[in-house]
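Let's take a walk through this structure together, from single residues out to the whole chain. Keep the 3D view open as you read.

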Amino acid sequence: MADKHELSLEDRMFILSKTYNAIATYFAHWNNVSGLDLDEAYKSYLPRVISTEDRFDFGLLMMEFIAILRDGHSLGEDFVMPLRTMAGRRS
């Protein structure tokens, strides 16, 4: 059984790609981020996702990616391992 604290590189890339696609398809508040080039942002996050070392770091990175939308209604949370439960894991 896989450790719930780990995500494979394939899983991390899939999650980032699906998030990017959902934003491109459904996000409605582009006027709040008129200077944002979503394609460039996505491409800049690819190497960062590859270099994440654990699920905690990946979760933080995904929250950062979603935060570029500057929209309080857009958020991401890891429902398998919420970041608030991982906080004690950091040393």
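Which residues does T19 touch, not counting residues up to four places away in sequence? The contacts of T19 are M62, F65 and I66.

## T19 and its partners

A word of orientation first: this is a predicted model. T19 is found in helix α1, which covers residues 9-26. With a relative accessible area of 19%, T19 is buried, because the cut-off for that class is under 20%.

The three partners of T19, namely M62, F65 and I66, also appear among the buried residues of α3. So if you colour the view by burial, these are good places to begin.

## Helix α3

Helix α3 takes in residues 55-67, which makes 13 residues. At 1.5 Å a residue the helix should span 18 Å, and because its end C-alpha atoms are 18 Å apart, expectation and model agree. The N-terminal end of α3 is capped by D54, with a side-chain oxygen 3.2 Å from the backbone nitrogen of F56.

The buried residues of α3 are R55, F56, F58, G59, L61, M62, F65 and I66. Let's look at two of the phenylalanines. F56 lies in α3 and counts as buried at 11% relative accessibility. F56 and L7 are 49 residues apart in sequence, while their C-alpha atoms are 9.9 Å apart in space. F58, also found in helix α3, is buried with a relative accessible area of 5%. The C-alpha atoms of F58 and L7 are 8.7 Å apart, with the two positions 51 residues apart in sequence.

## The loop before α3, and the one after

Is T52 buried or exposed? T52 counts as buried, with a relative accessibility of 13%. This threonine lies in the loop between α2, residues 38-51, and α3. Leaving out residues up to four places away in sequence, T52 touches R12, D57, F58 and L61. Seen from the other side, and leaving aside neighbours within four places, F58 is in contact with L7, R12, I15, V49 and T52. R12 therefore appears in both lists, as a contact of T52 and as a contact of F58.

On the far side of the helix in sequence, L69 is found in the loop between α3 and α4. L69 counts as buried, at 2% relative accessibility. The C-alpha atoms of L69 and V33 are separated by 6.3 Å, although the two residues are 36 apart along the chain.

## Aromatic pairs

How many aromatic pairs are there? The count comes to 3. One of them joins Y20 and Y42 in a stacked arrangement, 4.3 Å centre to centre with 25° between the planes. Since Y20 lies in helix α1 and Y42 in helix α2, the pair ties together parts that are 22 residues apart in sequence. Y42 is buried, with a relative accessible area of 17%.

Another pair is made by F27 and W30, and this one is edge-to-face: the centres are 5.0 Å apart and the planes 85° apart. The two partners fall into separate burial classes: F27 is buried, with a relative accessible area of 11%, whereas W30 counts as partly exposed at 31%.

## The chain as a whole

Stepping back, the chain has 4 helices and 0 strands, and from the N terminus on its elements run α-α-α-α. Of its 91 residues, 33% count as buried. The accessible surface comes to about 6100 Å², and 55% of that belongs to carbon and sulfur atoms.

Contacts across the sequence are a theme here. Among the contacts in the chain with a separation of 6 or more, 66% are between residues 24 or more positions apart.

## How far to trust the model

The chain averages a pLDDT of 82, and 74% of the residues score at least 70. Where is confidence highest, and where is it lowest? Confidence is highest in α2, at 96, and lowest in helix α4, residues 83-86, at a mean of 54. Where pLDDT is low, the predicted coordinates should not be read in detail.

How values were computed: Residues are numbered from 1 along each chain as its sequence is written. This is a predicted model: local features need pLDDT of at least 70, side-chain atom pairs count only at pLDDT 80 or more; totals for chains, interfaces and linings use all residues. Side-chain values use heavy atoms; hydrogens and water are left out. Helices (H or I, at least four residues) and strands (E, at least two) are DSSP runs, numbered from the N terminus. The expected span of a helix is 1.5 Å times one less than its number of residues. Buried means under 20% relative accessible area, exposed over 50%, partly exposed in between (1.4 Å probe, protein chains only). A polar contact is a pair of N or O atoms within 3.5 Å; within protein, one must be able to donate a hydrogen and the other to accept it, and residues adjacent in sequence count only if both atoms are side-chain atoms. Contact means heavy atoms within 4.5 Å. pLDDT is the predictor's confidence in each residue, from 0 to 100. Accessible areas come from the Shrake-Rupley method with a 1.4 Å probe; for residues, only the protein chains shown count as cover. Rings of Phe, Tyr and Trp (its six-membered ring) pair if their centres lie within 6.5 Å; planes under 30 degrees apart count as stacked, over 60 as edge-to-face and the rest as tilted.
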